[in-house]
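Student: Could you take me through one part of this protein closely, and then show me how the rest is built around it? I am new to reading structures, so please go step by step.

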Amino acid sequence: MPKPTNVSFPRGKSAQAKADDQVMATNSSSIVSKRSVERLYHPNEPHFFRYFVPKPQRRAPLINRGYWLRLRVIDVLVRDFLHDAKKRGRRAVVVNLGCGSDVLPWQCLTRYPEESKRVLFVDVDFPDLIEHKRQTVLNTPELVGAFTGLKGPGETVKPVVLQTDQYVQIGCDLRDLVTFRKGLDAVLRAELAECEFIFVAEVSITYMETEGADRVIQWASTLGNAEFILLEQILPDGEDHPFASTMLNHFQKLNTPLKSVKTYATITDQHTRFLNHGWPSVRVWTLWQAWADETFLPADERRRLDEIEPFDEWEEFALFGSHYCVVHARTEIEGTTTYNPPPAVPKTDGIPIKEVPLQFDPCPGQKGQRRFAAAMQLSSDRPKEQPVLLNVLGLGIKTRLQSCDLFSYGVEPGSEATFAFRGGIGPAARMCHSLTDLGSVGVLLAGGRGSPSTPVKDCWLFDRSLRAWRRTDDLPVPLYRHSVVALGESGMALLVGGRGEKDLFEGALLYHPEAGWVDCQVAGERPEATYGAVLACVGASRAGYFAGIYTGGIKDGLIADQLLRWELDISDVKKPSIRFTSMQVKGVDNEQIARWLFGRFGATCLQHSEGFFLLGGVTRDHLLSRADEVLSFAVSTDELIITKRVLGQCAQSGVPVPRPLLAGHSAISLPDGSITIVGGGATCFSMGTFWNGGIYTLRFAESDRNETAASQLASRWTFERAVDIVPGEQVTPTRTIPQVNGEKARITPIPNIKLQSPDEFLKILREGRPVVFKGLDLGSCVSSWTLDYLESKIGTDRKVVIHEAATQAMDFNSKNFRYVTTDFGDFARRAQRGDKLYLRALSQDKPSEKPTVLADDYPEIAADFVLPPQLSSVKERLFSSVLRLSGPVNMWLHYDVMANVYCQIGGSKRMVLFPPADVEYFSFAPGASSSSVDVFSTLGTPELAATHPHVAELGPGDVLFLPALWLHTAMPTSSVSIAVNVFFRDLDNTSYAPGRDVYGNRDLGAYEKGRQDIARIANSFSKLPAEVREFYLLRLADELRSKARS
């Protein structure tokens, strides 16, 4: 591949020439982004940008998708022009104004070969840049070889610098239209009047003075049958919109100010611009509108884009798309003209506006800068209970943060922080999670994500009184951007929608503090499955029922047009049901305007004494103006009533308040009636990131009624500090087991042997591999023990604690079973009829303190079971002997710290074991010995491909040796299984943790001490910035892993 020629510019240039050089330099960044798109989105096409970008860089998903859309819009409009010109039998000329290193000619020749026959492609740009492009084309066979009739030196007429039958380069300043026309005349000669032209100006003429750019547009309209494609920036809500100001500052810093953007700030202005400059037929879209328009891409292709690259930057994509427009203008075509009216822009003037004070309290430096976090109010130990806020986790300047920001109210800046709060152990770093205040139950944190393809399902409750996190029930599936709302003061919550690893969640879940997450049956028609929607609860509609609204969200890349009322029936919390119905809107003349205002993505909805407030987010097709960002509404039985738009007065003490960006923000309604907004901001495409620089408070009359002017002045929000959270466990990934090339795990049968002596067993014990012993004498139990026999010996009325399961696969973590105390006779009868029951014997005297021993707790049957002499060492080191009886239920995957022998007495059972090194594949929480992975449903799938399963089929009289720490799970293969499990100490007594161990699976003392050491190590980094802390802890983790492997 030839190396592109470097462009060198002479010294001593004029100010205008230097400014032109800066404009040409914007090409370098643009083509790197386009090369990234080419490699990622068009893998099966010839790549042409690679000849201009020798060292490709993969851009961020937002930039990739934004440039893909820019290229796609132009490609479609040029494609349609070529098709129409061919149909009319006219020669088409495609003129790329300010072409830079764009490869439009080669792409068209590749994609549309038939339509491109007889087409002339003309690239126009500054002479220096065109000379650079000329050298690259001539030195690259793949580029120059696409054309015929290459003219040699001296055969072209300036300003033409390269000419072939299909492609021409003109080195010309577009401000010099005489020279430009001379170049076209030289190439087309007498054909000029017989050609149809399409002019493409992709972010090029906006760098010209407005009068000069308008002259280009006007001149192009004089060439007979012509079309014009303009793609450039606009300011749909003025220069002070945070995206707009970031964009303008970016180009100003590059010394390439956007010259036309303030004159033609809206799509209506651009429509008028072209009408006034000779183009009778004009259509204008923002790129955000073009994204949703079937003209440019069908729905199925929009969906397929997510398969190329995971994407969740929707707020930023909408902001970017709303600040760029594409104009498609046409002159008369064969004597006909189609007039297109100006583009419609939503008019919300009929909704009253209430102006309220907007207080701004800046944070020092970069403090408080986090997006896609979630906020909550803490109780305070200060007098008068001044509020304290936490903004939890989210995305920081460089990475996802393992911390929360603490804000205090009414504290002088710089004073000593007095609010006692340590983050402690809690949820791991994430973003796009939910945080829901459930009153005395706590504050519920649910789900979230790392990258868009790694959602998590772990959930946590924050206890305000203890100021500490504790783990609660996981979501049934990993989700992020789900919508959660508290159900009044019931301590329960409703979750609707959300996005998983691949699919959207189509259902609804009820969170109950004791039952965990319960699936809600959807009665009637299901709503569209979306994520990032708005969910609000009005309250209890009647006894056992709650109601609210559900609106907006994204599906297939578009914001959904749905405005629904929901009613939840929780009269039976085990079987909740929910019904969705459409709602009518009052308070606005045009219902479509109302649906547009409510159809948001990424908004926050807060309940308030005045009703509900909807804040920020993005909407379909158009940018929300500052006057429309905050909406107040009320909800009746089947109607939604828009009461007003809320406009924060952006000034305090005569000093302008910087306008906030209500995207990626957190908001909370405080008891005094004010609404406080923390965090937020957005990546503004390739032009930088805007961060809200402090805390904003909307102060309503209620919040000000008890405050004097002096107290208002003193009552400011203060950023106190960032508080680190120690992750309680690794974020649970969507897949707990990595896939390996679509293969399945290789299953190893556990060997069967005839054990001859105690010494042979000791050798097997030292080897630490599972073995099935055949032919051992376990006593009369093998022939006599049935449930009827056991009942006759133990006694019908003997009280036992059993597991009563709802499904075959029991899960200790999710507790999908319940503990029931019943009579042994009742258990035996129910087990024989096939109920899903499991009995693990406990100590009769002190079940929560002592391990069970068959001889002590079931002396009536103890003599029937004997350990053979070959297992004498087991008897010498005995810890417990456990009677196990089960119906058709599977024992969850777990490990035991002590070695044991599992003696199958009656029935049969399938045992699946995994070596200790496989523990990393099964998402065991720190300090936990059980996993939620259902091995029996996944053993034959690629999901367990990286593991090393060992399988044994046990029948009456078989004895399985289970080495310590081998993970194992069991499934009965008969209607009833009867077994005795004997645990013994295979390590020195000092290795085991001191204290109580009822089940023989308390982790070793070294591990427990190690966990304490880890907490201390993590705490030693607590005063460092989160990024620094994460860096060094990850390094230490690598060292620990290396030592584990060595």
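Tutor: Let's begin with strand E26, residues 563–569, which is mostly covered: seven of its seven residues are buried. Please keep in mind that this is a predicted model. In a regular strand the side chains alternate between the two faces of the sheet. You can follow that pattern in E26, where Leu 563, Arg 565, Glu 567 and Asp 569 point one way. Leu 564, Trp 566 and Leu 568 point the other way, and all of these residues are buried.

What lies beside this strand? Strands of a sheet pair through backbone hydrogen bonds, either parallel or antiparallel. E26 pairs with strand E23 (residues 545–551) in the antiparallel sense, over seven bridges. To find that pairing on your screen, look for Ile 549, whose bridge partner in E26 is Arg 565. E26 also pairs with strand E27 (residues 577–582), again antiparallel, over six bridges. Here a good marker is Glu 567, whose bridge partner in E27 is Arg 579.

Now let's step back and place the strand in the whole protein. The domain assignment gives domain 1 (15–330), domain 2 (353–703 + 713–724), domain 3 (748–986) and domain 4 (1010–1045). By these bounds, the residues of E26, 563–569, belong to domain 2. The protein has 25 helices and 57 strands, and its C-alpha trace spans about 115 × 75 × 55 Å along the principal axes. Of its 1046 residues, 56% count as buried.

Other strands of domain 2 are worth a look too. Strand E9 (residues 353–362) pairs with strand E34 (residues 639–649) in the parallel sense over five bridges, and Ile 353 has Arg 645 as its bridge partner in E34. E9 is also joined by five bridges to strand E41 (residues 694–698), this time running antiparallel. Asp 361 and its bridge partner Ile 695 will lead you to E41. You can also look for Ser 408 in strand E12 (residues 403–409); Ser 408 is buried, with a relative accessible area of 0%.

How does domain 2 meet domain 1? The C-alpha centres of the two domains lie 41 Å apart, and 35 residues of domain 1 are in contact with 38 residues of domain 2. In soluble globular proteins, nonpolar side chains tend to be buried together. The largest nonpolar core here has 86 residues, and those with the most contacts inside it are Val 78, Val 94, Trp 291 and Phe 317. Helix H2 (residues 61–88) gives the most to this core, with 14 residues. Domain 1 and domain 2 both give residues to the core, so it lies between them. For a closer view, try Val 94: leaving aside its neighbours within four places in sequence, its contacts include Val 78, Phe 81, Leu 104 and Ile 198. Another core, of 43 residues, lies apart from this one, and among its residues are Phe 761, Phe 773, Leu 790 and Ala 862.

Helix H2 deserves one more stop. Two packed helices are described by the angle between their axes and the distance between the axes. The axes of H2 and helix H11 (residues 299–308) come within 13 Å and cross at roughly 145°, and the crossing is right-handed. Arg 65, Trp 68 and Arg 72 of H2 make the contact with Glu 301, Leu 305 and Asp 306 of H11.

Finally, let's visit domain 3, residues 748–986. Helix H19 (residues 824–832) has Phe 824, Gly 825, Phe 827, Ala 828, Arg 830 and Ala 831 as its buried residues. They pack against helix H18 and strands E47, E48, E49 and E50. After H19 comes Gly 834, whose phi is positive, near 100°. Further along, five strands form an open sheet in the order E44-E54-E53-E56-E51, with mixed pairing. The edge strands, E44 and E51, each pair on one side only. Inside that order, E53 (residues 909–914) and E56 (residues 967–972) pair in the antiparallel sense over six bridges, and Leu 913 stands opposite His 968 in E56.

Note on methods. Residues numbered from 1 in each chain as written. Predicted model: local features only at pLDDT ≥ 70, side-chain atom pairs only at ≥ 80, totals over all residues. Heavy atoms only, no water. Buried < 20%, exposed > 50% of the residue type's maximum accessible area, 1.4 Å probe, protein only. Helix = DSSP H or I, 4+ residues; strand = E, 2+ residues; numbered from the N terminus. Contact = heavy atoms within 4.5 Å. Pairing = 2+ DSSP bridges. Core = buried A, V, L, I, M, F, W, Y, C linked by side-chain atoms within 4.5 Å. Domains from an automatic or database assignment. Axes fitted to C-alpha atoms, helices over the stretch in contact; angles between N-to-C directions. Left-handed = near helix turned anticlockwise from the far one by under 90°.
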